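Q: Could we go through one interface in this model, and then one of its helices?

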Amino acid sequence: MSIVLYRVDERLIHGQVVIGWGHQLRPDRYIVVDDELSASEWEQDLYRLGSGDVDVLFSTADEARDRLPEWQASKLRSILLTRETSTMRRLAEGRLMDGEHVNLGGLRHGPGRAEVLTYLHLNDDDVRDLEAMAAAGVDVTARDLPDAHKVSLETLSKSRWKSSS
Amino acid sequence: MEIIQLSLLGGLLALDGTSVGQFMFSRPLVAGALVGWLLGDPLTGVAVGTILELYLLVSFPTGGSRFPEGATATVVAVAATAVTDSAGALPLAVAVGLVWGQLAGLSVTLMRQLNSRLVPEPGQRSSSPRDIWTAHLGAVLVDFARGALVTFLGVIVGRAIVGGLQGPWALSPAGSVGLLLVGGAASVGILLRDLGGFRRRRTVFVAGVALGIIGARFL
Amino acid sequence: MRRALTRSAVASAFMRSFLIQGSWNYHTMLGSGFAFSMLPALKSLYGSEPDAMDAAVQRHLEHFNAHPYLAGVALGAALKLEAEGADPELVRRFKLAVRGPLGSLGDGLVWAAWLPGASVLALALYWMGLPGWWAAAVFLVVYNVGHIGLRFWGFRVGLSEGQLVGRRLERANLARWTERLKGGVALLVGLLVGALLAGDGGLAASGVLWTVLAACAFLAGLIIGHRAWRPAAVTVVAAITILAAVGALG
């Protein structure tokens with residue numbers, strides 16, 4: 001299995017990912033799945049700057065759905081990143097990510113998002129996305145850094161419900 | 001009067017640490033020389049500053065606060081060293097400085113939590129340019145006051161502790177420096193690791209050691 | 001709509017960038033400092049349009065973070081985008097994309113290489129016999145030539161490239177410079193170790209016991225990294241406390 005980490009993080013490629021996860025997982029490439037970014041060369045240039053020597057591949061969600069089996073079977077170790085829960089949900093639809101783990105690493109911005117963990121803010125749509133992923137066989141947990149405490153989706157939904165009521 | 005001068009200097013150096021410029025006057029090496037000059041004892045200032053600089057070789061403000069805050073630690077340590085002639089004054093003052101530097105780092109964290117409540121909220125029409133100007137420069141002023149206050153208290157506590165040093169000191173001056181260098185040596189090792197580790201850097205590192213020994217012996 | 005950016009507005013943004021961390025906070029980090037740095041320039045661009053001014057101020061208050069010396073890259077580029085009348089959404093996306101790399105490039109280049117390099121050079125010279133205030137002066141001059149040069153370069157590059165600055169930074173290849181610099185700093189670390197071992201005020205004068213203990217601490221740092229710092233410092237502080245107590249009681 002060679003997507004070594006699926007992560008939702010609005011900051012995409014940054015210190016926590018490159019140093020925190022990268023040094024531990026030793027990826028051969030980062031795959032950023034985002035429709036807007038895959039059409040924007042100047043933004044790709046900026047995100048690439050932060051990855052060190054590791055390759056970065058940008059892909060639309062549709063393209064990613066087609067290539068997911070290939071990436072999963074590839075010898076190259078990939079870290080797959082999206083900046084929205086909705087993008088990751090699209091990848092998981094049709095049980096394409098059955099049995100995989102999705103890591104929630106950082107969300108702050110966005111309409112109606114309320115703090116669930118210091119690094120994680122969720123709105124109702126986000127929660128629906130996460131539940132849909134879980135229903136498609138994905139194990140969803142939150143953890144900013146590899147050594148940090150892992151928080152289950154169940155706990156997240158509960159504290160989200162508390163913070164919004 | 002002297003303690004007021006020291007506190008003001010502590011406040012200014014605290015600003016240099018993060019808020020204003022970061023020209024690194026706040027590094028112990030420079031801060032030690034400045035405090036020593038202020039107290040008319042530049043040699044002591046430099047002796048304390050260079051040792052604390054070693055300890056802080058691997059303490060950088062990446063994101064969070066620095067532990068310890070080097071500038072506060074240095075001002076407190078140099079000011080405390082100057083109160084007695086005991087051979088134990090320098091090591092004890094450095095120890096007090098290191099501990100007080102941790103408290104100073106904590107005060108930075110607390111101030112930043114306070115700032116989080118005071119800075120204008122983005123997206124709210126109520127924050128005018130004037131509000132931003134006031135909040136930002138207000139925060140700079142608070143940092144200055146924080147640095148001055150933490151230094152002021154540190155100098156009082158440090159001088160009381162070091163001034164109360166009674167009885168003989170078991171180590172020679174060179175032995176005291178040796179003890180302090182043990183802690184500094186850990187920083188030097190950590191730094192070499194951060195630079196790529198011994199295996200990767202051994203050629204340049206070993207060449208450097210040889211040059212250093214030659215330089216120290218013959219210059 | 002294209003607006004004219006005056007020289008003095010640009011100059012004041014650069015000067016204010018030295019204060020960009022003045023209201024560092026856990027909520028927006030450098031957000032308020034970024035807005036503060038942009039204010040005079042925004043006033044010169046939007047002075048006669050209160051609504052546009054207000055919107056511009058709000059978008060630059062947003063969460064922002066970067067290495068302080070490289071924050072000028074984003075500041076310069078944001079000035080160019082505002083002057084060109086760029087879509088606010090583009091400005092927002094630019095700032096989101098640029099903060100990560102400006103943080104990691106700056107942390108690597110400045111905090112992990114340039115600062116320890118200047119510091120280790122000055123300390124090595126001190127233990128080789130250079131008077132301490134000269135060592136402090138060497139440190140300040142060497143460090144700040146690089147520091148102020150980097151700020152100035154970054155701000156200019158941002159101002160001239162705008163949102164395309166990624167390509168320019170890629171060409172400048174700061175990561176490779178950092179790597180080379182780290183090799184140079186490793187040499188200086190060797191120089192410092194040599195000077196500490198053989199210099200007058202160093203371990204040669206302190207005796208074999210302290211030299212051996214210092215070597216152990218050095219190895220501990222080399223092997224386990226930052227986790228070695230606190231135990232080493234605590235041990236030294238504890239030893240000094242015990243010596244003081246023994247002196248007072250005995």
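The exchange below concerns a predicted model, beginning with the contact of chain C and chain B.

Q: How many residues does each chain give to the contact?
A: Chain C contributes 94 residues and chain B contributes 97 residues.

Q: And what area is buried between chain C and chain B?
A: The buried area is about 8100 Å², with carbon and sulfur atoms giving 74% of that. On the side of chain C, C:Tyr26, C:Trp111 and C:Trp229 supply 9% of the area buried against chain B, more than any other three residues.

Q: How many salt bridges cross the interface?
A: The rule finds 2 salt bridges between chain C and chain B. One of them joins B:Arg200 to C:Glu179, whose closest N and O atoms are 2.3 Å apart.

Q: What about residue pairs in polar contact, how many are there?
A: Between chain C and chain B the count is 23 residue pairs, both residues being at pLDDT 80 or more.

Q: Which element gives the largest share of the side of chain C that touches chain B?
A: That is α8(C), with 15 residues. Taken as a whole, this side of chain C divides into 62 nonpolar, 24 polar and 8 charged residues.

Q: Changing topic to α3(C): what is its reach from first C-alpha to last?
A: α3(C) has 12 residues and reaches 17 Å, close to the 16 Å expected at 1.5 Å a residue.

Q: Which of its residues are buried?
A: The buried residues of α3(C) include C:Met53, C:Asp54, C:Arg59 and C:Leu61.

Q: What covers them?
A: The cover includes α6 (129-163) of chain B, along with α2, α4 (71-83) and α5 of chain C.

Note on methods. Residues numbered from 1 in each chain as written. Chains lettered and ligands numbered in written order. Predicted model: local features only at pLDDT ≥ 70, side-chain atom pairs only at ≥ 80, totals over all residues. Heavy atoms only, no water. Contact = heavy atoms within 4.5 Å. Buried area = accessible area lost by both parts, 1.4 Å probe. Salt bridge = Lys/Arg side-chain N within 4 Å of Asp/Glu carboxyl O. Polar contact = N/O pair within 3.5 Å; in protein donor to acceptor, adjacent residues only side chain to side chain. Helix = DSSP H or I, 4+ residues; strand = E, 2+ residues; numbered from the N terminus. Nonpolar A, V, L, I, M, F, W, Y, C, P; charged D, E, K, R; others polar. Expected span 1.5 Å × (residues − 1). Buried < 20%, exposed > 50% of the residue type's maximum accessible area, 1.4 Å probe, protein only.
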